[in-house]
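This briefing covers how several helices and one strand residue are packed in the model shown below. Please read it alongside the sequence and the coordinates.

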Amino acid sequence: YEVMRDHKGNVITVCNMENLDPVGVHTGDSIVVAPSQTLSDKEYQMLRTAALDIITELGIEGGCNCQFALKPDSFEYAVIEVNPRVSRSSALASKATGYPIAKITTKIALGYTLDEIKNDITGKTCACFEPTLDYIVVKMPKWPFDKFADASRTLGTQMKATGEVMAIAPSFEMALMKAVRGAEIGMDTLNRKADDGAPIRERLERVDDHRLFTVFEALKSGVSVDEIFAITRIDRWFLSKLKGMAQFELDLAKEGLTAERYETGKKLGYPD
């Protein structure tokens, strides 16, 4: 959650984002989706309230970033970190929403309150209105493993990514496909040839930079969503979206291209 607060105590959330990877993979090494897709309204409101309470209790004036770990099968959650500053996540939240966090933080530091600062995007409302998104934003990390051939590709709590790309689209599938193409890793789709001949289930156990493509390969080869979830702990919502794309590719290969299927493919973000 990216949160803003002024010296009078006005607080808003600018953007909430969700990691595709489970806890244990650094946010900087995870694909991030904004706004969050798998939270129920109760979960979303609970964590939003917690973020607003934290920034209020700490007395932060300006932008702040609160990161939570939520247990998928209960309402138990933990605070992973609080960045009382403009962080990398703030840059993503700014670009994803059009809400200029650093600029407004500067104005708050000068003594302005959120209701006195004009929203540049709308030109009518003030900065105390929370942005709403009618689109999906996907951030994809970029790793330097091609330059450091001997480095371990395993992802963990220490960040290894040296860059990232951001894609905006009407749907998660299209945004993900745009991000893959924008990452300049020489790929147009999620189909990647495996580096070694290890069995697919063994490769699913690996937490590395090829994880997304391994999961997609597994779905295409018939491994179930539940089994992949049990191994990777990637939320079933994301897995079922990927399964829809895998099914589209299988149907296309089997039955060929029709006008209707072409339209479906474009909506899923496939290039011509």
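Helices here are DSSP runs of type H or I with at least four residues, numbered from the N terminus. The model is a predicted one, and the points below treat helix 7, the pairing of helix 6 with helix 8, helix 4, and finally a residue of strand 5.

**Helix 7 and the residue after it**

- Just after helix 7 comes arginine 233, which takes a positive phi of about 65°.
- Within helix 7, which spans residues 225–232, the residues Val225, Ile228, Phe229 and Thr232 are buried. They lie on the same side of helix 7, because the arc they cover around the axis is only 105°.
- This arrangement can be read against the general geometry of an α-helix, in which there are 3.6 residues a turn, so that residues three or four places apart point the same way.
- The buried residues of helix 7 pack against three other helices, namely helix 5 (200–204), helix 6 (211–220) and helix 8 (236–255).

**Helix 6 against helix 8**

- Helix 6 and helix 8, both of which pack against the buried residues of helix 7, also pack against each other at an angle of about 55°, with their axes 9 Å apart.
- Angles under 35 degrees count as roughly parallel and those from 65 to 115 as roughly perpendicular, and helix 6 and helix 8 are therefore oblique to each other.
- The crossing of helix 6 and helix 8 is right-handed.
- On the side of helix 6 the contact is made by Leu212, Val215, Phe216, Leu219 and Lys220, while helix 8 contributes Leu239, Leu242, Lys243, Met245, Ala246, Glu249 and Leu250.
- By class, the residues of this contact between helix 6 and helix 8 comprise 9 nonpolar and 3 charged, with no polar ones.

**Helix 4 and its surroundings**

- Helix 4, residues 172–182, is mostly covered, since 8 of its 11 residues are buried.
- Those buried residues of helix 4 are Phe172, Glu173, Met174, Ala175, Leu176, Met177, Ala179 and Val180.
- What covers them includes strand 4 (32–34), strand 7 (136–142) and strand 8 (163–169), together with helix 6, helix 8 and helix 9 (259–267).
- Helix 4 is followed by glutamate 184, which has a positive phi, near 55°.

**Glutamine 67 in strand 5**

- Glutamine 67 lies in strand 5, which runs over residues 62–70.
- Its relative accessible area is 18%, and a residue counts as buried when this value is under 20%, so glutamine 67 is buried.
- Leaving aside residues up to four places away in sequence, glutamine 67 touches Thr27, Ala78, Val79, Ile80 and Glu81.

Key: Residues numbered from 1 in each chain as written. Predicted model: local features only at pLDDT ≥ 70, side-chain atom pairs only at ≥ 80, totals over all residues. Heavy atoms only, no water. Buried < 20%, exposed > 50% of the residue type's maximum accessible area, 1.4 Å probe, protein only. Helix = DSSP H or I, 4+ residues; strand = E, 2+ residues; numbered from the N terminus. Arc of directions from axis to C-beta. Contact = heavy atoms within 4.5 Å. Axes fitted to C-alpha atoms, helices over the stretch in contact; angles between N-to-C directions. Parallel < 35°, antiparallel > 145°, perpendicular 65-115°, else oblique. Left-handed = near helix turned anticlockwise from the far one by under 90°. Nonpolar A, V, L, I, M, F, W, Y, C, P; charged D, E, K, R; others polar.
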